[in-house]
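Let us walk through this structure one part at a time. Keep the model in view as you read.

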Amino acid sequence: MAVDLLLGLQWGDEGKGKIVDVLTKDYDIIARFQGGPNAGHTLEFDGIKHVLRTIPSGIFHKKAINVIGNGVVIDPVVFIKELEGLDQFNIDYKAKLIISRKAHLILPTHRLLDAASEASKGKAKIGSTLKGIGPTYMDKTGRNGIRVGDLELDSWKEKYRNLADKHEAMIKFYNVDVQYDLEEMEVEFFEAIKLLKELTFIDSEEYLNQAIKEGKTILAEGAQGSLLDIDFGTYPFVTSSNTTAAGACTGLGIAPNKVKEVYGIFKAYTTRVGSGPFPTELFDEVASNMAKVGHEFGAVTGRPRRCGWLDLVALKYACQVNGVTQLNMMKGDVLSGFGSLKVCTSYNYKGKAISHLPYNIEPENVTPIYTEFPCWKEDLTKMTSPSQFPKELNEYIDFLEKELEIPIKIVSVGPDRKQTINR
């Protein structure tokens, strides 16, 4: 069998967690391939809202095995709290959740380094979530990192001490005021490590390739969004991993020719958290309404999201880079009742109209060119079939499909897993 991928196509927060949860019934294995606890995948069903950070979004289904791949970075303290949050739902995660030995660990000093680095940048800060993600990936590429498999070695604590000491020296180098008590932080960290070691560690690339040979169905789940990719995103205002389809191959150890469907998730409008360019950002009452109706606050950080119209130039780019085969449109219900809708179909780039994403999309270089549409007035949240869609919504979807040349197979009309309409 092949592996299907599910990816965000904007700056994250597209609603990937919900769609993974909806699709999980069709898969034997859900495999998370990058990112860490800076991700916040929100799932809602039975009147309960769940926020997952590191655990794959298939954990609430009885049959699916959930794999944390080698491309993920794990904070043991956050991870154990996440597991404890599942206890009330009687989920046997020791049987359903397995972890790659090659996944890297976030140490307490990684979080301190993150804070020191961001503080030292002043106004030039990139909007880090301060979860230690960047420093952990830096140690990974610098060949200094500690991996899950190291916990099975007798010498792992010595390796930990050496790296933590190095980090403390680096924190001093930044010369900023970061107050901390590492000994106190380490008590919680080592207790979390003890609990982490009770779970099953695997050689994940062998496990997944064997599963493919056995005909099992696998859905690879990404975190953040394509425009935050370390290579293809709006650098330097990006995350530290590959959030695109290529990241699924390196983050799980599967070959490109094993990938079949690529599900691309996007909002009917655009949001962004933290710093960085955002050509279609709005600063008026329309943005305020989007934020209010769409509950646009970060699932992990609680930070308000910046809001704006759908950017078709950026969306086409993300579809191209990922090889998207089908699209899922989220939060169309949020736009109900707006006076009119706009979609950015091209950019005025340094005085010239272009339809591709250029190297630099800072506001001094780029002005969005919009196409305007009438908006639907109907409440979409109670709808259960495409036949109930208002004419204006169908026209909006038809326009996007024609421009993107990719079918929109799912339209989400609310946060609950039941509020999902297949087209």
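How many of the eight residues of helix α9 are buried? The model is a predicted one, and in it the answer is six. Helix α9 spans residues 245-252 and is mostly covered. Its buried residues are A245, G247, A248, C249, G251 and L252.

What do these residues pack against? Several strands and helices share the job. The strands are β1 (3-8), β2 (29-32), β10 (218-221) and β11 (259-267). The helices are α8 (204-213) and α11 (312-322). Just after α9 comes G253. Its phi is positive, near 80°.

Now turn to helix packing. Two packed helices are described by the angle between their axes and the distance between those axes. Take helix α2, residues 76-86, and helix α7, residues 182-196. Their axes come within 8 Å and cross at roughly 55°. That angle makes α2 oblique to α7, because it lies neither under 35 degrees nor in the range of 65 to 115. The crossing is left-handed.

Which residues meet here? From α2 come P76, V77, F79, I80 and K81. From α7 come E188, F189, A192, I193, L195 and L196. Sorted by class, this contact has nine nonpolar residues, two charged ones and no polar ones.

Helix α7 also packs with helix α4, residues 108-121. The axes of α4 and α7 come within 9 Å. They cross at roughly 130°. These two helices are therefore oblique to each other. On the α4 side, P108, T109, R111 and L112 make the contact. On the α7 side, L182, M185 and F189 do so. Five of the contact residues are nonpolar, one is polar and one is charged. Note F189: this residue of α7 meets α2, and it takes part in the contact with α4.

Last, look at the cysteines. How many disulfides does the structure hold? The count is zero. C344 is one cysteine that is in no disulfide. The nearest cysteine sulfur to it belongs to C319 and is 14 Å away. A disulfide would need the two sulfur atoms within 2.5 Å. C344 counts as buried, because its relative accessibility is 0%. C375 is also in no disulfide. For C375, the nearest cysteine sulfur is that of C307, 15 Å away. C375 is buried as well, with a relative accessible area of 5%.

How values were computed. Residues numbered from 1 in each chain as written. Predicted model: local features only at pLDDT ≥ 70, side-chain atom pairs only at ≥ 80, totals over all residues. Heavy atoms only, no water. Axes fitted to C-alpha atoms, helices over the stretch in contact; angles between N-to-C directions. Helix = DSSP H or I, 4+ residues; strand = E, 2+ residues; numbered from the N terminus. Parallel < 35°, antiparallel > 145°, perpendicular 65-115°, else oblique. Left-handed = near helix turned anticlockwise from the far one by under 90°. Contact = heavy atoms within 4.5 Å. Nonpolar A, V, L, I, M, F, W, Y, C, P; charged D, E, K, R; others polar. Buried < 20%, exposed > 50% of the residue type's maximum accessible area, 1.4 Å probe, protein only.
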